[in-house]
Structures are given as structure tokens and as C-alpha cells.
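Biologist: Please walk me through this model with short questions and short answers. I will ask, you will reason.

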Amino acid sequence: MEDIKINGTLVWYYYICKREVWLMSRKIVADQDNKFMDIGRFIHENSYGREKKEISIGNIKVDVLKRHKGNVLVGEVKKSSKFQESAKMQLAYYLYKLKEYGIDGEGILMFPKERKRIEIKLNDKIIADIKDMEKKILNIIYKDIPQEPKKIKYCKNCAYSEFCWS
Amino acid sequence: MKKVIYIFNDGEIKRKDNTIFFETDDKKSYIPIEDVSDFFIFGEVTLNKRFLSYISQKEITIHFFNYYGYYMGSYYPREHLNSGYMILKQSEYYLNEDKRLNIAMEFVNGSYKNMLSVLKYYINRGKDISDIDESIKNLSREIPKCFTTNQLMGIEGNIRDIYYKSFDRIINNKDFVFEKRSRRPPENYLNSMISFGNSLMYVMVLSEIYKTHLDPRIGYLHSTNFRRFTLNLDVSEIFKPIIVDRLIFSLLGRKMITKEDFEEDMEGIILKDRARKLFVQEFDNRMRATIKHRQLGRNVSYRRLIRLELYKIEKHLMGEKPYSAFVSRW
């Protein structure tokens, strides 16, 4: 297992379900027939069409990238603000990675369905959290088997639930 | 819920206005692509590359049956769920003789236990088949003693031979005697129905495999020959008794299919069009019928049950949870 790298998706799932992080790292993706997957895909494909989308920088892939008043603005599109903490950390991780490339950017979380936006900026506290999180994610990924499934409230609508509970 | 689209009519199928359009001599119809899980094509259908490319993009499989209703092949679009990890695991469990045997054994276990649950149903309805039930149970004791997959295939074959002896007593209709298992070509009505039903089962499982990270070419019980699909044959063993055989008993028991529904051809005894459609329709009804799933705590369709079975195999390959085949409780 050499070329496993942390990416935004793994950060996002880290705060929701650690088992999912492991599965994602092995490209064992969730059931694509799940209706929530469809909704997500639809929002992704049909929102913010005028702006540049899906830019890959190293092993991160950002939804929206643009210049704004001389700054680099990174946007992350989400279906709902239900997992706000998770989304915040994912975006902060992107900003952190950009910083490594020497780019200081600002982040903005976008919830098109809710017509809501949240601004994110890096600070020392967040950077310390990200470093800690990176270690913990690698710890999960390098294990031979995933963490056992645990029933949490997210299982209800999760596209992995049949995989986990079959 | 996406549906299987069964096409019996002759015509042209194509992409039109961002969806599917099917045109026959006297009818034109749109098939909304988002509702399609796969196509089973029985009629003489013309299609082009543009259609195939659209189908691939939407990750839909197409299964073709020839004029006689025999399975011809599938259009299995390029894999969309790629997990190098899973392919390595699947191969590892194939190459290691013990690991392979272990999975193959569970397929045979699931298969014979489901045969027993079919028999149990008819024993409770007063059919005189307890001796067959007994013989299968005796033979099943040989399963754990096998140390090669060939031996296992042998036991599986013996169990199946005994199991088929129950068919005459269950069906109890002189037009539909079993005699012996014959394929390519099937030599009597019953064998023709079994072959047809089994091929529907094989392709249904194949379609479900497409939606997982498993490679259909690496099977465990049936020998892999690296080009043909085999994992679907393995998994079908579990479901054939409870889906196909029950379906045949019910079609014959309710006299929905009689000897008039067959014709003899160069290719053997084949089902006529009307009966073939009816068979497929009833098969589809069964795939969509739901049962209560204990672990999930809700109802799932038989079709979904196949997917869950594949998930269980994936978890076995991951070393997470030993695979235990689905066994019907009634």
C-alpha cells in the first residue's frame, strides 16, 4: 500500500464515518444506484455552471476556483449544510494544500439548494487540527481491514449501508 | 427503482433526444434511460455504436438471446467501478487453493440448503419426497471432506442429480417428465424450461456483478478460463433452486404453460414466443418480490438480495467477515 494519499473526499468522510474512509481509500465506492448519490451528482453537474470547475492540484480536486479581489478563492459545493464541520475541514484541507504550493487562498462553502455560503480561512489552530487529522487518516488507511460497521444516524441514508450490513 | 427492459419485438433501438427510442413496424416508443437497469433482448433488434456508447456511459448492460431463446452473450461496458485492491484480493483467493475451496464450498452449501428448502415446502404439502431430502442431507456430509474444487463439483453434481429426481413427484404431470438433465439441446419440455430459467438467472447475476467491484471472470467453484464469465455461475447456484425451480413449479402447477407451448426445432425443444414472454414476466415478478431481511431490518427484493450476496463475498475477500451463503427460510 504505497500510493495511498489523503484527499479531500477522505477528509470529508473522516468526520462522518471512519469505516468509509478505509473503503474509499481502496476505491470500494458506494452503491451508485442509491438515490442520494443521484441527487449529489445532479447538484454537482448543474450548479455554478459559469464558474471554472473541478480543478486538480496534486492529489486534491477542488470544485470551484477563481480570482476574487486579487485573492484565490476556492469553492466547495455541498448538497446540504448538515455536515458542516466535515465540509469546513475538507475545504480547510484544500487551503492547507494550496499553501504548501505557495498559494494563499480563501475558501467558501456553497450550498446551492439552501442558497447559503460560508467563508473559511486558515489559522494556526485549524492547521494544527489538519496535521493531527492527516496522521489519524493514514492510521485508518494503513490497516488491513476496515473498522467494524457501527450503527450511527448517518447509516440510514448512506449508500454503503447495504454493503456494511449485508 | 430501475427496471429490466425485456425486448421481444423486432425493431430498431437507438439514442434519440437524450434518451432511448425503440421503433418497430407499427409502434414507436421512448424508454426513459434513467429508469433502465439493463436490457434483455430476445427480438431481432438493430442497434448502432452511438447507442452502445450511450449505454456504456449510463453503465447499462445488455444481454442478447438468440431466436431460440438461448443466451448469446452480453454487452458488458467497460468496468466503471475499479478497485485494484479488490481485483488483487479476488485473484489471491483464487490462486490459493485452500482459500478458493473455502469459498467454493460455501456456494455448494448455499445451493444444497436452498434445494432443501424447496423440498421442505413440498414435503409440508404432502409430496412424497422425504427420501430425496434424506439422500441430499447424507451427501452433504461429503462437502466438508472435499479437498479440491473438482471433488466439490462432483458432490455438487451428485446432489443435483438426486434433487432433480424430486421434480417428477412435485410436478406430477406426464407431459413434463424430467428423465435426465439435458442441455444443448434440451431433450424435453422440462429441461428446456430449466435451461431457459437458468440462463435468465446467470445474466441477472452478471448484471449485478457489474455494479460491484468484483470481476465476473474470476469464479471459485466453476473453473475460471480467463475469458468467460464464471463468478455469476457460482452465485447463481445459490439462487437457482429458490428462483428458477420454484418458478417452473408454479407455472406448471397453475397450468400457465402446457405442452402446446413448445416446439421441436433443430436446436432442440424450445419455448414458443407466448410462453417465453410469460416465463420472463413471471421471472421478473419474482426478482422484484421482496422479503424481510433480518440484518438490514427491512424488505429487499430478490434482485437486491443478489447484490447483497456479492457484497458479502467482497467482505470475505477483504478478510472482514467470513462468507455465509443466503439460505431461504421457507
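**Salt bridges, strands and the chain contact**

Modeller: Arg160(B) and Glu156(B) both sit in helix 5 (residues 149-171) of chain B, four residues apart, about one turn of the helix. The model is predicted.

Biologist: How far apart, N to O, are the side chains of Arg160(B) and Glu156(B) in their salt bridge?

Modeller: Both Arg160(B) and Glu156(B) are buried. Their side chains meet in a salt bridge, and the N to O distance is 3.3 Å.

Biologist: Glu237(B) and Lys240(B) also meet in a salt bridge. What separates Glu237(B) and Lys240(B) along helix 7 of chain B?

Modeller: The N to O distance of Glu237(B) and Lys240(B) is 3.3 Å. They are three residues apart in helix 7 (residues 231-253) of chain B, so the separation is about one helical turn.

Biologist: Is Lys240(B) buried or exposed, and at what relative accessible area?

Modeller: Its partner Glu237(B) counts as buried at 5% relative accessibility. The cut-off for buried is under 20%. Lys240(B) is buried as well, with a relative accessible area of 4%.

Biologist: How many residues apart in sequence are the parts that Arg303(B) and Asp38(B) tie together?

Modeller: Arg303(B) forms a salt bridge with Asp38(B), and the closest N and O atoms are 3.1 Å apart. Arg303(B) lies in helix 9 (residues 302-317) of chain B, and Asp38(B) lies in strand 5 (residues 36-41) of chain B. The pair therefore ties together parts whose separation in sequence is 265 residues.

Biologist: What is the relative accessible area of Asp38(B)?

Modeller: Arg303(B) is buried at 9%. Asp38(B) is buried too, and its relative accessible area is 0%.

Biologist: How many salt bridges does a search of the whole structure find?

Modeller: Side chains of opposite charge can pair when their charged atoms come close. Across the interface of chain A and chain B, the rule finds five salt bridges. Over all chains, the search finds 31.

Biologist: Which residue of chain B forms a salt bridge with Glu162(A)?

Modeller: The closest N and O atoms of this pair are 2.8 Å apart. The partner of Glu162(A) is Arg298(B).

Biologist: What is the area buried between chain A and chain B?

Modeller: The contact takes 24 residues from chain A and 22 residues from chain B. In chain A, Glu162(A), Phe163(A) and Ser166(A) lose the most area to chain B, together 36% of what that side buries. Carbon and sulfur atoms give 54% of the buried area, which is about 1800 Å².

Biologist: Which element gives the largest share of the side of chain A that touches chain B?

Modeller: There are twelve residue pairs in polar contact between chain A and chain B. The elements that give two or more residues to the chain A side are helix 2 (18-25) and helix 6 (161-165) of chain A. The largest share, five residues, comes from helix 6 of chain A.

Biologist: Why is strand 3 of chain A largely enclosed by the rest of the structure?

Modeller: Strand 3 covers residues 71-77 of chain A. It is largely enclosed because the buried residues number six of the seven.

Biologist: Over how many bridges do strand 3 and strand 4 of chain A pair?

Modeller: Strand 2 (residues 60-68) and strand 3 of chain A pair in the antiparallel sense over five bridges. Strand 3 and strand 4 (residues 105-111) of chain A pair in the parallel sense. Gly75(A) stands opposite Ile108(A) in strand 4 of chain A. The parallel pairing runs over six bridges.

Biologist: Which residue takes a positive phi in the hairpin of strand 2 and strand 3 of chain A?

Modeller: The bridge partner of His68(A) in strand 3 of chain A is Asn71(A). The hairpin has two residues between the strands. The positive phi, near 50 degrees, belongs to Lys69(A).

Biologist: In what order do the four strands of the open sheet in chain B lie?

Modeller: Strand 2 (residues 11-16) and strand 3 (residues 19-23) of chain B pair in the antiparallel sense over five bridges. Within that pair, Arg15(B) stands opposite Ile20(B). The pairing in the sheet is mixed, and the order is 4-3-2-6.

Biologist: Which residues is Ser29(B) in contact with, leaving aside its neighbours within four places in sequence?

Modeller: Ser29(B) is in strand 4 (residues 28-31) of chain B. Its relative accessible area is 23%, so it is partly exposed. Its contacts are Ile20(B), Phe21(B) and Phe22(B).

Methods. Residues numbered from 1 in each chain as written. Chains lettered and ligands numbered in written order. Predicted model: local features only at pLDDT ≥ 70, side-chain atom pairs only at ≥ 80, totals over all residues. Heavy atoms only, no water. Contact = heavy atoms within 4.5 Å. Buried area = accessible area lost by both parts, 1.4 Å probe. Salt bridge = Lys/Arg side-chain N within 4 Å of Asp/Glu carboxyl O. Polar contact = N/O pair within 3.5 Å; in protein donor to acceptor, adjacent residues only side chain to side chain. Buried < 20%, exposed > 50% of the residue type's maximum accessible area, 1.4 Å probe, protein only. Pairing = 2+ DSSP bridges.
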